[in-house]
Amino acid sequence: RFDENLELPLLLNAYYGVGSLEMVKWLVKEVGQDPQAKGGVGGWGTLVAASHKGHLDIVQWLVREAGCKPNIEKDEHGRTGAICASYSNHPEVVQWLATEGGSKVLEETDNNGSTCFHTAAMYNNCTILKWLVELALTESPSQESSGTQENDKKNSPSYCLTTVLCPNNVDMAQQH
């Protein structure tokens, strides 16, 4: 019998476990656990946990079959699966989430205003950072504005790249 922590076995399998897709499927389909429920320390959901641990097969199943939304599912700190995968250096997860969920996945911010780009840079995850920079340089920027020129400037790839490469010269970054 499960207690009030009904969703914990699903979360534990995605995060601490071996990342067994078959176990996740069984827990959702047969036991009836909600793949979108949050639990554990940090309020992680299964998608965020599986992304953080790099379990691409589980991430794919959760999005395609279980209805999890890559740009909506967040932990209590506002981190998406893509942000957590950027933190823990799982480029294949970040790339798949971006392909499946569109550019909005990469533009989502956590409660501190950090995106996948900021997170990958902060934790020196160069493969992800390089891919994001290449993507930013090849795709046209989003036409949506945040409402202020200052915020738009700070979220631009050139600003982010300049502040990463030249962190002591924020004035130079603001001119771009």
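This report describes the fold, the nonpolar core, one pocket and one loop residue of a predicted model.

Residues are numbered from 1 along each chain as its sequence is written. Local features need pLDDT of at least 70 and side-chain atom pairs count only at pLDDT 80 or more, whereas totals for chains, interfaces and linings use all residues, and side-chain values use heavy atoms, with hydrogens and water left out.

The chain holds 12 helices and two strands, taken as DSSP runs (helices H or I of at least four residues, strands E of at least two, numbered from the N terminus), and along the sequence they follow the pattern α-α-β-β-α-α-α-α-α-α-α-α-α-α. Of the 176 residues, 42% count as buried, that is, under 20% relative accessible area with a 1.4 Å probe and protein chains only. Among contacts (heavy atoms within 4.5 Å) between residues at least 6 apart in sequence, 65% join residues at least 24 apart.

Helix 3 (residues 46-53) is largely enclosed by the rest of the structure, because seven of its eight residues are buried; these are T46, L47, V48, A49, A50, S51 and H52. Just after helix 3, G54 takes a positive phi of about 80 degrees.

The largest nonpolar core (buried Ala, Val, Leu, Ile, Met, Phe, Trp, Tyr and Cys residues joined through side-chain atoms within 4.5 Å) has 31 residues, of which V59, W61, L62, L97 and L106 touch the most other members. The elements that give two or more residues to this core include helix 3, helix 4 (56-64) and helix 6 (91-101). Not counting residues up to four places away in sequence, L97 touches S51, V59, V63, P70, G81, A82, G102 and V105.

The second largest pocket is summarised below; a pocket is an open set of points on a 1 Å grid over the protein atoms alone, where a 1.4 Å probe fits, with protein on both sides within 12 Å along at least five of seven lines, and lining residues have an atom within 4 Å of a point.

| Feature of the second largest pocket | Value |
|---|---|
| Volume (space filled by probe spheres set on the points) | about 220 Å³ |
| Lining residues closest to its centre | R79, I83, Y87, D110 and Y123 |
| Largest share of the lining | three residues, from helix 5 |

E108 lies in the loop between helix 7 and helix 8, and its side chain is joined to that of K74 by a polar contact of 2.9 Å. Leaving aside neighbours within four places in sequence, E108 is in contact with N71, K74, T80, I83, S114 and T115. A polar contact here is a pair of N or O atoms within 3.5 Å, one able to donate a hydrogen and the other to accept it, and residues adjacent in sequence count only if both atoms are side-chain atoms.

Conventions
Buried < 20%, exposed > 50% of the residue type's maximum accessible area, 1.4 Å probe, protein only.
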